[in-house]
Amino acid sequence: MKFIKAAINISDGLLTVFKHLFRKPVTLEYPEKRRELNNNFRGKLTVDGCIGCGVCKRVCPSGAISYEKNLNGKVLSYTFDLNKCIFCGNCKYYCPCGAISMTKEYELASANKKDLKLKYNIGVPEEENIKENK
Ligand code: SF4
Ligand code: SF4
């Protein structure tokens with residue numbers, strides 16, 4: 001009886017293997033191969049051209065946004081705290097200046113919490129800020 005049960009289980013397994021043998025794989029050999037991301041993908045946040053209106057801070061559900069202004073109210077630096085961010089996209093959606101972008105960069109994991117604070121110096125060329133936050 002035991003032998004029959006084992007034979008049935010083995011043939012069940014083999015049947016499953018054969019069923020999948022000619023199907024296209026659903027996985028990729030990451031990181032060598034990567035899937036093309038949708039244009040609406042919500043990855044690493046960047047900011048450029050912020051006027052400090054505060055809308056993004058109000059709509060951020062996790063309190064991940066902070067910025068510093070000078071005495072004239074000009075924004076000097078802007079920080080996204082990825083320790084808190086849930087990538088909901090509210091900040092980008094509601095910003096009246098279109099200052100916030102969500103890139104397709106998603107390999108953001110770090111063992112150091114400090115690395116997850118993306119600080120952008122406003123008025124500094126975008127590439128320099130991106131380099132700094134790599
Ligand atoms: S909503 Fe836009 S312009 Fe206003 S503070 Fe946030 S990033 Fe700056
Ligand atoms: S994506 Fe959402 S959680 Fe992240 S900073 Fe923007 S509003 Fe806050």
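User: Which residue in β5 is the bridge partner of D81?

Analyst: In this predicted model, D81 has K117 as its bridge partner in β5.

User: What makes β3 and β5 a pair?

Analyst: Two strands pair if at least two bridges are found between them. β3 and β5 are joined by five bridges, so by that rule they count as paired. The two strands run antiparallel.

User: How do you know that β2 and β3 pair?

Analyst: The cut-off is at least two bridges, and five bridges join β2 to β3, so these strands pair. β3 covers residues 75-81, and the two strands run antiparallel.

User: Which residues stand opposite each other in these two strands?

Analyst: Y67 has Y78 as its bridge partner in β3, E68 has S77, and K69 stands opposite V75.

User: What lies between the strands in the hairpin of β2 and β3?

Analyst: There are five residues between the strands. In this hairpin G73 takes a positive phi near 85 degrees.

User: In what order do the three strands form the open sheet?

Analyst: The order is β2-β3-β5, with antiparallel pairing.

User: Why are β2 and β5 called edge strands?

Analyst: β2 (65-69) and β5 (117-121) each pair on one side only, so they are the edge strands.

User: By how many degrees are neighbouring strands of this sheet turned against each other?

Analyst: The average is 15 degrees, with direction ignored.

User: What holds strands of a sheet together in general?

Analyst: Strands pair through backbone hydrogen bonds, in a parallel or an antiparallel way.

User: How many helices and strands does the whole chain have, and in what pattern?

Analyst: The chain has four helices and five strands. Along the sequence they follow α-β-α-β-β-α-β-β-α.

User: How does the chain differ from a compact globule in radius of gyration?

Analyst: For 134 residues, a compact globule would have a radius of gyration near 14 Å, whereas the chain has 24 Å. The value does not match that of the globule, so the chain as a whole does not follow the globule rule. Along the principal axes, its C-alpha atoms fill a box of roughly 85 × 30 × 30 Å.

User: What share of the residues count as buried?

Analyst: Of the 134 residues, 15% count as buried.

User: What makes C85 buried?

Analyst: A residue is buried if 20 or more other C-beta atoms lie within 10 Å of its own. C85 has 21 other C-beta atoms within 10 Å, so C85 is buried. C85 is placed in the loop between β3 and α3 (90-94). Leaving aside residues up to four places away in sequence, C85 touches S62, A64 and F80.

User: Where does C85 stand in relation to ligand 2?

Analyst: Ligand 2 is surrounded by 14 residues, and C85 is among the closest, together with C60, C88, N90 and C91. That shell divides into 11 nonpolar, three polar and no charged residues.

User: Why is F87 called partly exposed?

Analyst: The class lies between the exposed limit of 12 or fewer and the buried limit of 20 or more. F87 has 17 other C-beta atoms within 10 Å, so F87 is partly exposed. F87 lies in the loop between β3 and α3.

User: What is the phi of F87?

Analyst: Phi of F87 is near 55 degrees, a positive value in a residue other than glycine.

User: What makes R42 partly exposed?

Analyst: R42 has 17 other C-beta atoms within 10 Å, which falls between the two limits, so R42 is partly exposed. R42 sits in the loop between α1 (2-21) and β1 (45-47). Not counting residues up to four places away in sequence, R42 touches F87, G89 and M102.

User: How far apart are R42 and T16 in sequence and in space?

Analyst: R42 and T16 are 26 residues apart in sequence and 36 Å apart in space, C-alpha to C-alpha.

User: Which peptide bond is cis, and where is P31 found?

Analyst: The bond from Y30 to P31 is cis, with omega near 5 degrees. P31 is found in the loop between α1 and β1.

User: Which residues surround ligand 1, and how do they divide by class?

Analyst: Among the residues around ligand 1 are C50, C53, C56 and C97. The shell has 10 nonpolar, two polar and no charged residues. G52 and G54 belong to that shell, and glycine counts as polar, so these two residues fall in the polar class.

Notes:
Residues are numbered from 1 along each chain as its sequence is written. Chains are lettered from A and ligands numbered from 1 in the order in which they are written. This is a predicted model: local features need pLDDT of at least 70, side-chain atom pairs count only at pLDDT 80 or more; totals for chains, interfaces and linings use all residues. The radius of gyration is taken over C-alpha atoms; the globule rule is 2.2 Å times the number of residues to the power 0.38. A residue is near a molecule or strand if its C-beta atom, placed from the backbone, lies within 6 Å of it. Axes are lines fitted to C-alpha atoms, for helices over the stretch in contact, and angles run from 0 to 180 degrees between N-to-C directions. Two residues are in contact if their C-beta atoms, placed from the backbone, lie within 7 Å.
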